[in-house]
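Colleague: I'm still in my first year, so please pick one part of this model and take me through it slowly. I'd like to hear what it touches and what happens at its two ends.

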Amino acid sequence: TMTEERAKQVTFAGPYYEATQRIIVAKGSSITGPADFKAKPSLKLCSVSGATSAEHAKGYLADWHSQLVLFDTWSKCASALQNKQVDAITSDSGTLSGIIVKSKGAYAFVGPSMASEPDGIGLPKGDVAFCEFIDDALRAAVADGRYKKAWEATLGEADPVVPPFPTPVPCR
């Protein structure tokens, strides 16, 4: 995720995708969205330590100390959801789409987006030439249809609407 804090340490190409922070649950869950976590403090929400989604989620929880379960990988969150150790996972829509696809449809998105998270490619700080090369390659992939084709073949299994390609930020 492209943030101002991270941009102090790396040069970002992109964004290549404007992700949204979402929640997934096991199909058949009674959870309908982020508001349920304020109303039901016993619900557990999983994220990854250091992820921007973990920080955004805190505002949607009745007691983030007891409700937010953090692991070091998304696969551990997926296992915790499968084993009913947590009730839901929050992350960016791209990561969650991948988890849904791997689950063969056992999980589904619920509720509205909680935040917008532009995804970019981190490069060594100051590598403007390579950043511009990547941005040009991304624009070419959109223009010739490879972006759409890649979306449909991967994340499109969970979210069939091809998102609009975001305008790249200036390389710096």
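Modeller: Happy to, and one term comes up straight away: contact means heavy atoms within 4.5 Å. The model is predicted, so local features need pLDDT of at least 70 and side-chain atom pairs count only at pLDDT 80 or more, while totals for chains, interfaces and linings use all residues. Residues are numbered from 1 along each chain as its sequence is written, and side-chain values use heavy atoms, with hydrogens and water left out.

Let's look at helix α6, residues 93-102 (helices are DSSP runs of H or I with at least four residues, strands are runs of E with at least two, and both are numbered from the N terminus). Its buried residues are Ser-93, Gly-94, Leu-96, Ser-97, Ile-99 and Ile-100 (buried is under 20% relative accessible area, exposed is over 50%, and partly exposed is in between, using a 1.4 Å probe and protein chains only). What do they pack against? They meet β1 (10-26), α5 (74-82), β4 and β5 (107-124).

Start with the run-up to the helix. Ser-91 sits in strand β4, residues 88-92, and counts as buried because its relative accessible area is 1%. Beyond residues up to four places away in sequence, Ser-91 touches Thr-20, Gln-21, Arg-22, Ser-53, Trp-74 and Leu-96. Leu-96 is one of the buried residues of α6. As for Ser-53, the two serines are 38 residues apart in sequence, yet their C-alpha atoms are 5.2 Å apart in space.

At the start of α6, a side-chain oxygen of Asp-92 comes within 3.0 Å of the backbone nitrogen of Gly-94.

Now for the inward-facing side chains. Leu-96, Ile-99 and Ile-100 are among the residues with the most contacts inside the largest nonpolar core, and Ile-24, Ile-89 and Tyr-107 are on that list too. This core has 14 residues (a nonpolar core is a set of buried Ala, Val, Leu, Ile, Met, Phe, Trp, Tyr and Cys residues joined through side-chain atoms within 4.5 Å). Two or more core residues come from each of α5, α6 and β5, and α5 gives the largest share, four residues. Take Ile-100: leaving out neighbours within four places in sequence, it is in contact with Ile-24, Gly-105, Tyr-107, Ala-108, Phe-109 and Ala-158. Apart from this core lies another, of 13 residues, including Ile-23, Val-25, Ala-57 and Met-114.

What about the other end? Ser-103 lies in the loop between α6 and β5. Why does Ser-103 count as buried? Its relative accessibility is 19%, so it gets that label. The side chain of Ser-103 reaches the backbone nitrogen of Ala-106 at 3.0 Å.

Lys-104 is in that loop as well, between α6 and β5. Just after the helix, Lys-104 takes a positive phi of about 60°, although it is not a glycine. Most residues other than glycine have a negative phi. Lys-104 is exposed, because its relative accessible area is 77%.

There's another lysine to look at alongside it. Lys-84, in the loop between α5 and β4, also has a positive phi, near 65°. With a relative accessible area of 71%, Lys-84 is exposed.

How values were computed:
A polar contact is a pair of N or O atoms within 3.5 Å; within protein, one must be able to donate a hydrogen and the other to accept it, and residues adjacent in sequence count only if both atoms are side-chain atoms.
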